[in-house]
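Hi,

Here's the structure I promised to pass on. Have a look at it first, then read on for what I found.

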Amino acid sequence: MSHMHILVYDNTCPRRTGVQHTIQDGSLTVHPILLSEDSSFGAEVYGVDWSNPVPANIVTKLIALQDKYGVLIFRKTGLDNSRHILFSQQLGDKLEVNPFFYGRENDRLGEPLLFDVANIELDGSLVKMDSRRYHHSLGNALWHTDSSYHQQRSKYSILLSHGNPVEGGSWTHFADTRRAYSDLPQTKKDEIENFVIEHDLWHSRKLASPAVFGNPLPHELAAKPPAYHRLVQTAPDGRKTLYLAAHARRIVGKDIEESQRLIWELIDHCTQSKYVFSMEWLYGGDMVCQSMHRANPYTATMTARDVRRSTIFDDGPWAFGVLKDQVK
Ligand SMILES: [Fe+2]
């Protein structure tokens, strides 16, 4: 723990100690973050020229690296909103559109293809701790996978920082669900192989802030109904992985209590420190393409963090999950 309210796991990026591994891949320099015998998780990538549209052959390489490492970190990209969106569109045809729950005019960015995940209000002040927006943000500090509550789930979620983060002030944490799955005992793998999970945005909001999101507003509920996805999936690199986190409300066919016990048993398994690293936001323009993660919670002592997100819909074999008419 580097600060009273800031959680940092044992493994960090940038690496505080030890040897930095380096792989040269053409013009790209790759520093893997969590290395294990049979796999690696997370990598910092240098050598992309962000001042121009990224060439197709580099995009192809980045997708291969993303499939291998699960989380890619780029430093000081210098991308603005429109180039953030353009790069996202190079990774997939369709981006998620911001529902602007609280009005587009109240959104700091007002850009339908970006999500404002900063802790900053329209007037530049830090978010007020009694606001609905503040309470909505609390769910982001739970372990989650962006947009798992959509029936067409996302393939990539790209966070980009603006301004100048305060060193030691802002971290995002990532969990290696592939290695966590691989380490499960065979009996557990057999038990969960065919589970289908109901994912619901309002479930995670309620968990994080029962007082405010115990009963979401009708327009909130209507905008984000639940979605159904298989728990055990095959990652793009061919290894099996677990698709779950705080949006996971129920295992189809089981009651809520038993579902939540099993779901959090698995989340706790996946988020042991040996599977997790903490990425520090160091510079404006830092960008990450990510997997299961959590933010540090907003606190009374937080510093400004101006992070914006784009989300690219999945178009692969797992994109549409399990359709509702197949769910009991
Ligand atoms: Fe997120």
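This is a predicted model, and the mean pLDDT of the chain is 92, with 98% of its residues at 70 or more. Going by elements, helix H5 (residues 186-192) has the highest mean pLDDT, 98, while H3 has the lowest, 87.

Now the sheet. It's an open one with eight strands, ordered E2-E3-E4-E5-E15-E7-E17-E6, and the pairing is mixed. Strands E2 (23-25) and E6 (115-116) sit at the edges with a single partner strand each, so one side of each has no neighbour in the sheet. For E6, two bridges join it to E17 (residues 306-313), and those two strands run antiparallel. In one bridge, phenylalanine 115 has arginine 309 of E17 as its partner.

Two helices to look for here: H2 (residues 81-91) packs on the sheet, touching E7 and E17, and its direction makes about 25 degrees with that of E17. Helix H1 (residues 56-69) lies across several strands, including E3 and E4, and runs at about 150 degrees to E4.

Next, try H6 (residues 201-208). Six of its eight residues are buried, so the rest of the structure largely encloses this helix. Among the buried ones are Trp202 and Arg205, and the cover includes helices H3, H7 and H8 plus strand E13.

Last, find threonine 177 in helix H4. Is threonine 177 buried or exposed? It counts as buried, because it has 29 C-beta neighbours inside 10 Å, and 20 are enough for that label. Its contacts further along the sequence include Cys270 and Met292. Threonine 271 is 94 residues away along the chain, yet the two C-alpha atoms are separated by 8.3 Å.

Cheers

Note on methods:
Residues are numbered from 1 along each chain as its sequence is written. This is a predicted model: local features need pLDDT of at least 70, side-chain atom pairs count only at pLDDT 80 or more; totals for chains, interfaces and linings use all residues. A residue is buried if 20 or more other C-beta atoms lie within 10 Å of its own, exposed if 12 or fewer, and partly exposed in between; C-beta atoms are placed from the backbone. Helices (H or I, at least four residues) and strands (E, at least two) are DSSP runs, numbered from the N terminus. Two residues are in contact if their C-beta atoms, placed from the backbone, lie within 7 Å. pLDDT is the predictor's confidence in each residue, from 0 to 100. Two strands pair if DSSP finds at least two bridges between them. Axes are lines fitted to C-alpha atoms, for helices over the stretch in contact, and angles run from 0 to 180 degrees between N-to-C directions. Lists of a residue's contacts leave out its neighbours within four places in sequence.
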